[in-house]
Structures are given as C-alpha cells and as structure tokens.
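I open the notebook on this entry. I want to look up its helices, hairpins, cores and ligand shell, one at a time.

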Amino acid sequence: MGRSRITPQRRFRRRIPPPAALVAGFLGGYCAGHLAAALRRARAQRRPARDLDGRRIVHNASDAILSVDRQTTILLANPAAAHMFGTSVAAMQGSLLARYIQPAGAAAGTPLDYFPAGGGRAGRRATDYAVTGIHANGHLFPIEGSMSSVHHDGREIWTVILRDVSERHLVQQTLARSHDQLRQLSSALQTIREEERTHIARELHDDLGQLLASLRMDLTLLARSDPLHDASRRLIQGMEANLLTAITSLRRIATNLRPRALDEGGLYFALQGLRDEFVERHGIAVTLLAEEAELRLDDAASTAVFRIVQEALTNVARHARASSVLLKLDRIDGELLVTIRDDGCGIRAQDMEKAQSLGLVGMRERVWNMGGEITIGSDDAPGTRIDIVLPLAGHAT
Ligand SMILES: Nc1ncnc2c1ncn2[C@@H]1O[C@H](COP(=O)(O)OP(=O)(O)OP(=O)(O)O)[C@@H](O)[C@H]1O
Ligand SMILES: [Mg+2]
C-alpha cells in the first residue's frame with residue numbers, strides 16, 4: 001500500500017542512488033547506528049549508577065541504619081531498624097533518638113551523647129560503639145554499631161549502623177558462667193585434694209609411723225635379751241635395719257603428700273624443707289630469700305604459695321637444665337611478691353600452651369583464685385622467671 005504512494009521520481013531515486021549519496025547514506029547510517037548503540041550502552045551504563053541510589057541501599061540493608069541530625073531527630077530509618085526496635089519506619093522518622101537508644105550519660109542533646117568520642121577505635125572516622133537499645137515493648141537490649149557523620153546541605157548528619165547483639169551476649173554470658181563454674185570446681189577439687197593429702201599424711205605419720213617406731217623399740221629390747229642365738233641376733237639386726245628404712249620412707253611419703261611444717265611451723269619452714277630436699281635430690285643450688293615473720297599466713301595462702309613454689313621447682317628439675325635457682329618472697333603493703341628465677345634454658349611461649357601440661361595452669365589458677373597476678377617468661381635471659389603478686393587481705397596471721 002505504501003508503495004502506491006511513491007512518485008516515479010522517488011522511485012527513480014530509490015532505484016538508482018548516486019554514489020556520493022550512497023556513501024553518505026552508508027556512512028550516515030553506519031555512524032548513526034554506532035551512535036545509537038553507543039548511546040544505548042552509555043545509558044545502560046548510567047542506569048545502574050542511578051539505581052545505586054543510597055536510599056534504596058539503606059532501605060534494603062539487613063543491618064539497622066539510622067540517620068539523625070544534630071538535635072538527635074531521626075531523619076531516616078530503614079525497615080531493619082524498625083524491625084529491631086519493634087516499630088515502623090514511619091514511627092521512627094521524626095522521633096528523637098532517646099526513644100530507641102539510651103544515652104551514654106545524663107545528657108541527651110547531641111548524637112555524641114549517645115555515641116561519645118573515645119568509645120571506639122581511635123583514628124577512624126566511623127567508630128564502633130556498644131550501646132543499649134530500647135524496644136517498643138520497653139525491653140532493653142545490647143547493640144553494637146558504628147557511626148559516621150557527613151555534611152549535607154550545610155548541616156551535619158550522623159549515620160549509625162546498628163546490630164542487635166543480644167544473642168552474642170547471651171552466649172558470652174553462658175560461656176562466662178560455665179567458665180566460672182569450672183574455676184570453682186577446679187578450686188574445690190584442689191581443696192579436697194589438699195585435705196585428703198593432709199589426712200593421709202597424718203594417718204601415715206601418726207598411725208603407721210607410731211606402730212613402726214614401737215616395733216623398733218620392741219626389737220631393741222629383744223636384741224638385749226639373753227641368751228640369744230647368733231642366727232636370731234642377725235635376724236633381729238636385719239629386721240631393725242628394714243624397719244629404719246620403712247620409717248624413713250614413710251616420713252618421705254608423708255612429707256611429699258603434705259609437709260608437717262606447713263601445719264606446724266608455717267610457710268617459711270615448709271619452704272626451707274622443700275629447698276633442702278630439692279638441693280639434696282637434684283644437686284641444683286637454691287637461694288631462699290625470705291623473712292619468717294613475713295610468711296605467717298593462713299592455711300589457704302600458705303598452701304597456695306607452697307604448691308606454686310613446689311611446681312616451679314619440679315619444673316626446674318624436669319625442664320630447665322639450670323644450675324641455680326633464686327627464690328625470693330617479700331611482703332610489701334599487704335601483698336606478697338614471689339619471684340622464682342632459674343638460670344636454665346628458658347621457657348618459650350609455645351611451652352606455656354602445651355595442651356597436656358597442667359603445672360603452669362594449676363599455678364595460674366591458684367594465683368587467680370586469690371585475686372593475684374602471675375607472669376611467666378624468659379625476658380631477662382638466661383633462664384625462666386616467674387613473678388607473682390598475691391593480695392594478702394584476710395590471709396595474714
Ligand atoms: N623452668 C622452666 N625452664 C624451662 N622450661 C620450662 C620451665 N618450666 C616450664 N617449662 C616448659 O613449660 C612447659 C609447661 O610446664 P607445665 O608445668 O605446665 O607442664 P609439664 O611440667 O610439662 O607437665 P606437668 O603437667 O606434669 O606439670 C614444660 O613442658 C616445659 O617445656
Ligand atoms: Mg610441670
């Protein structure tokens with residue numbers, strides 16, 4: 001139909017185009033095509049840029065986002081924020097921040113009263129905070145977030161990104177509780193162990209020890225009786241020697257379980273006994289620098305310090321390859337400072353993390369149980385140094 005409207009002249013032009021027109025037409029078409037394609041591409045490229053509209057991003061973010069002005073009026077809240085506070089975006093926008101977040105101090109005039117400077121990491125514009133949120137139902141919950149500010153249309157806008165950390169807090173609290181319970185259990189087990197050791201040591205010493213001593217006396221009397229066959233005399237001498245060995249072993253076992261000095265003489269004498277036995281057994285010199293009067297402590301503190309020093313000396317004998325040990329105890333301003341230093345090979349950081357080693361763990365637990373501090377290391381090489389500070393409130397006698 002369209003064809004019928006074409007005039008002959010037009011028809012002619014269509015049929016036989018001049019070369020110049022052909023080239024121009026071709027070039028024109030080619031360029032126009034390319035131009036259109038280029039424009040399409042440019043438009044296509046520009047489109048995502050337009051789509052990356054801040055509001056849409058904020059709207060769809062899974063973290064709660066709020067923007068407030070200097071007077072803490074909420075200018076913008078995303079649905080995640082409304083969900084977190086149990087309300088709607090419309091209700092939040094225009095409200096004051098105080099309805100949803102507790103201020104850090106008494107004042108609540110500016111965003112900084114909610115997110116005070118210094119509450120996060122220094123040197124960063126966006127700063128991390130831990131604040132308390134107020135749910136629409138009145139329930140308070142922990143929030144963590146970061147804040148940054150921008151200047152917009154001549155005024156400062158504060159944007160905070162918030163995350164409800166109630167669950168994490170709950171897990172942390174449960175962990176802390178079970179950690180505390182484990183500590184209490186370990187401390188109770190240590191006390192029970194110590195009581196049992198004391199009990200067995202006493203039984204050995206008082207009961208079995210007395211029995212062996214009276215047997216020895218009987219044998220001495222028997223040896224004096226006349227007439228006595230030579231063979232019987234030799235037998236009695238052998239029995240006496242064996243009894244003496246048994247009594248010595250029994251004393252050693254009882255002392256290892258719990259030195260009597262700890263209950264009868266006090267910490268100073270117990271440490272002296274420990275040192276003497278260590279020197280004799282391992283041939284490593286030990287210098288004990290302490291004042292008897294400063295070491296008059298109650299049973300709990302005496303036992304703790306004694307067991308700590310005992311473990312430290314056992315470690316020196318087993319691991320240090322040392323030739324001497326310094327053991328220093330000073331009581332200063334209601335605290336007992338204990339230093340145990342050897343001149344051996346030194347301790348490495350990874351040694352202190354060995355899973356199956358419990359000596360240092362037990363040492364730390366005893367110190368922490370008394371509210372003290374302990375540092376173990378090889379800073380001033382050679383050797384290992386253990387420094388302990390124990391508060392003595394209620395432990396000094
Ligand atoms: N005085 C020391 N000098 C050098 N290394 C040490 C010293 N004391 C401890 N260590 C290192 O630290 C590790 C941990 O010591 P820890 O007392 O906890 O465990 P352990 O002695 O190996 O075993 P146990 O549980 O029987 O005490 C040791 O295995 C050892 O490698
Ligand atoms: Mg050990």
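I started with helix α8, residues 230–257, in what is a predicted model. I read 28 residues for α8 and a reach of 41 Å from first C-alpha to last. The expected value at 1.5 Å a residue is 40 Å, so I noted the two as close. Next I checked burial along α8. The number of buried residues is 1 of the 28, so α8 lies largely in the open.

**Whole chain**

I stepped back to the totals. The secondary structure comes to 12 helices and 10 strands. The chain has 397 residues, and buried ones make up 21% of them. I then looked at contacts with a sequence separation of 6 or more. Residues 24 or more positions apart account for 52% of those.

**First hairpin: β1 and β2**

I went to β1 (64–68) and β2 (74–77). They pair in the antiparallel sense, over 3 bridges. I found Leu66 opposite Ala77 in β2. The two strands form a hairpin with 5 residues between them. Thr72 sits in that turn. Its phi is positive, about 70 degrees, although Thr72 is not a glycine. Is Thr72 buried or exposed? I counted 21 C-beta neighbours inside 10 Å, and the threshold for burial is 20 or more, so Thr72 is buried.

**Second hairpin: β7 and β8**

I moved on to β7 (residues 324–332) and β8 (residues 335–342). They too pair in the antiparallel sense, here over 8 bridges. Leu326 stands opposite Arg341 of β8. The hairpin leaves 2 residues between the strands. Asp333 lies in the loop between β7 and β8. I noted a positive phi of about 50 degrees for Asp333, again in a residue that is not a glycine. Is Asp333 buried or exposed? Asp333 has 7 C-beta neighbours inside 10 Å, so I logged this residue as exposed.

I followed β8 to its other pairing. It meets β10 (residues 385–391) in the antiparallel sense, over 7 bridges. The bridge partner of Leu336 in β10 is Leu390.

**Cores**

I then asked which residues have the most contacts inside the largest nonpolar core. They are Leu267, Val305 and Val309, in a core of 33 residues. I listed the elements that supply at least two residues each: α10 (267–282), α11, β7, β8, α12 and β10. The most comes from α11, with 10 residues. I took Leu267 for a closer look. Leaving aside residues up to four places away in sequence, Leu267 touches Leu262, Leu295, Leu297, Ser302, Val305 and Phe306.

There is also a second, separate core, of 25 residues. Among its members I noted Ala77, Ala81, Tyr114 and Trp158. I had already met Ala77 across from Leu66 in the first hairpin.

A general note for the margin: in soluble globular proteins, nonpolar side chains tend to be buried together.

**Ligand 1**

I turned to the shell around ligand 1 and counted 18 residues. The closest are Asn315, Asp351, Ser357, Gly359 and Leu360. Which helix gives the most to this shell? I found α11, with 5 residues. Both α11 (299–320) and α12 (359–369) supply at least two. By type, I split the shell into 7 nonpolar, 7 polar and 4 charged residues.

**Two distant pairs**

Last, I looked up two pairs that are separated along the chain. Gly362 lies in helix α12. With 15 other C-beta atoms within 10 Å, Gly362 is partly exposed. I put its C-alpha at 8.9 Å from that of Ser186, 176 residues apart along the chain.

Glu291 was the other starting point. I found it in the loop between β6 (285–289) and α11. Glu291 has 11 C-beta neighbours inside 10 Å, so this residue counts as exposed. Arg331 is 40 residues apart from Glu291 in sequence, and their C-alpha atoms are 8.8 Å apart in space.

Definitions and conventions. Residues numbered from 1 in each chain as written. Chains lettered and ligands numbered in written order. Predicted model: local features only at pLDDT ≥ 70, side-chain atom pairs only at ≥ 80, totals over all residues. Near = placed C-beta within 6 Å. Helix = DSSP H or I, 4+ residues; strand = E, 2+ residues; numbered from the N terminus. Nonpolar A, V, L, I, M, F, W, Y, C, P; charged D, E, K, R; others polar. Buried ≥ 20, exposed ≤ 12 C-beta atoms within 10 Å, placed from the backbone. Pairing = 2+ DSSP bridges. Core = buried A, V, L, I, M, F, W, Y, C linked by C-beta atoms within 7 Å. Contact = placed C-beta atoms within 7 Å.
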